[in-house]
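Let's take a look at how a ligand is held by its protein. Have the sequence and the structure open as you read.

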Amino acid sequence: MPYRGLLDRYGSLLNLPAHTRPVTLLEGNTPLIPAENLSRHLGGGFDLFVKFEGLNPTGSFKDRGMTAAVSEALGRGAKTVICASTGNTAASAAAYASRAGLKSIVLIPQGKVAAGKLAGAIAYGAQVVQIDGSFDDALTMVVQISDKHPICLVNSINPYRIEGQKTAAFEICDTLGRAPDWLCLPVGNAGNITAYWAGFKQYDELNATGLPQILGVQAAGAAPLVLGHPVENPETVATAIRIGKPARGEQALEAAEQSKGRIIAVSDDEILSMQALLARLEGIWVEPASAAGLAGLAHEIAAGNFHPAGKRITAICTGHGLKDPDIIIKGMTKPQIVAPNLAALEAVLLV
Ligand code: F0G
C-alpha cells in the first residue's frame with residue numbers, strides 16, 4: 001500500500017469531526033534511528049533510538065498536528081488560519097494552508113526566529129507579522145483575534161493539533177512492537193508532550209503496548225514548568241522553546257507525574273554540546289531545541305539520577321538542523337581557502 005499520510009494511516013484512531021477534509025504532504029512515517037555511538041558515549045548498556053522528526057515535509061514535527069488542524073479547518077469552511085510561533089509552527093501552518101487553498105497569518109517574536117523557519121513561512125506564502133514582544137505575547141494576541149473574528153487558530157490549543165501529534169507515539173510503538181521504557185523530549189508550549197502521553201495511553205488501551213516514563217526537558221532560561229511559575233523574559237539559544245507561559249503546562253506536568261517521569265532543565269551549553277555530539281557521532285543534525293531531550297538524558301545519567309542499564313530509550317528530535325544554520329556558522333572557524341591546484345591541496349591536507 002502506498003503511504004498516503006497520517007490521516008489515512010491513523011485517522012480511525014484520531015478524534016476528528018466528520019467534516020474533516022484531508023490535506024496532506026505525506027507527513028509522518030519518520031525513521032526511528034538506532035544511536036549506538038551516542039549510547040556508548042553516554043556509558044552504554046542501553047538501547048537508544050532517535051525519532052528524527054526533522055524529516056517531516058517542512059522540517060519539524062509540527063506537520064503531524066497541522067495535517068489534522070488544517071484538514072478540520074478546511075472541512076469546516078475556514079478561509080484563514082492563524083498562529084503564534086517561534087518558527088516551526090509558522091512554516092508548517094503556512095505550507096498546509098497553501099496546499100488547502102487557505103490564507104495563513106503567522107505572528108512571530110521579532111528577531112528571535114531562526115532563518116530557515118522565517119524563510120519557510122515566507123516561501124509558503126504566509127502573511128508574517130513580527131511582534132515587538134515574546135512568543136507568549138503573540139499567543140495571547142492570536143487567541144484574542146481568533147475569538148473575535150472568523151480566523152481559525154492552529155496553535156496547539158487547537159485540540160486537532162494534539163490529535164495529529166499523537167501519531168508519533170503510535171509510530172514508535174508500531175516500530176518497536178511496544179512503548180519504550182523512557183521517552184525524552186524538549187518542552188516549550190507543551191503541546192507535544194501532551195500529545196505523546198495521550199497517544200501512548202490510547203495505544204496501550206488498544207494494544208497493550210505499555211507506557212513509557214517521560215523525561216520532558218526545558219532550557220534553563222525558559223523553564224517555567226521546572227520553576228513552578230511563568231518566566232517573564234525567557235531567554236535561550238534554543239529559540240524554538242523560548243517560552244515562558246506554556247499553554248498546556250498543566251497537562252505537561254500531569255504527563256510527567258502520571259508516567260512516573262519528570263521535567264528538568266538543561267543549560268544552553270548542554271544543549272549545544274548535545275547538538276554537536278549527535279551530529280558528529282551519529283550524522284544526525286538537529287536544531288538546538290531538538291537536542292534538549294537528549295541533553296536532558298545525558299544530564300540525568302551524569303548526575304546519577306537515572307540508571308539506563310538494560311533500558312530502551314527513545315529521544316524525540318523535533319526539528320532539522322537546517323532550520324537554524326546561523327547557530328553553526330556563528331561558532332565556526334572559516335574554512336581554509338586554497339589555490340586551485342594539487343600542490344596547494346597537498347600542502348594543507350598532508351602536513
Ligand atoms: N522542538 C521544536 C523544534 C519546536 O519548534 C518546538 C515548539 C518544541 C520542540 C516544543 O514543542 O511547544 O509542543 O512543547 N515550537 C513551537 C513553534 C512553539 O511555534 O514552532 P511544544
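What follows is a walk around the ligand site. Keep in mind that this is a predicted model.

Start with where the ligand sits: the space it takes up is the largest cavity. Two elements each give two or more residues to the shell around the ligand, namely helix H4 (88–100) and helix H9 (191–207). Both domains pitch in as well, with at least three shell residues coming from each of domain 1 (6–59 + 164–324) and domain 2 (62–160).

Who's in that shell? There are 20 residues around the ligand, and those that come nearest are Ser 85, Gly 188, Asn 189, Ala 190 and Thr 318. Sorted by class, the shell has eleven polar, seven nonpolar and two charged residues.

Now for some polar atom pairs between protein and ligand:

| Residue | Protein atom | Ligand atom | Distance |
|---|---|---|---|
| Thr 318 | polar side-chain atom | nitrogen | 2.6 Å |
| Thr 89 | backbone N or O | oxygen | 2.8 Å |
| Asn 192 | polar backbone atom | oxygen | 2.8 Å |

And how much of the ligand does the protein bury? On its own the ligand exposes 470 Å², and 98% of that is buried by the protein.

Terms used. Residues are numbered from 1 along each chain as its sequence is written. This is a predicted model: local features need pLDDT of at least 70, side-chain atom pairs count only at pLDDT 80 or more; totals for chains, interfaces and linings use all residues. Side-chain values use heavy atoms; hydrogens and water are left out. A residue is near a molecule or strand if one of its heavy atoms lies within 4 Å of it. A polar contact is a pair of N or O atoms within 3.5 Å; within protein, one must be able to donate a hydrogen and the other to accept it, and residues adjacent in sequence count only if both atoms are side-chain atoms. Accessible areas come from the Shrake-Rupley method with a 1.4 Å probe; for residues, only the protein chains shown count as cover. On a 1 Å grid over the protein atoms alone, a cavity is a set of points where a 1.4 Å probe fits but cannot get out, and a pocket is an open set with protein on both sides within 12 Å along at least five of seven lines; lining residues have an atom within 4 Å of a point. A molecule sits in a cavity or pocket if more than half of its atoms lie within 2 Å of its grid points. Helices (H or I, at least four residues) and strands (E, at least two) are DSSP runs, numbered from the N terminus. Ala, Val, Leu, Ile, Met, Phe, Trp, Tyr, Cys and Pro count as nonpolar, Asp, Glu, Lys and Arg as charged, and the others, Gly among them, as polar. Domain bounds come from an automatic or database domain assignment.
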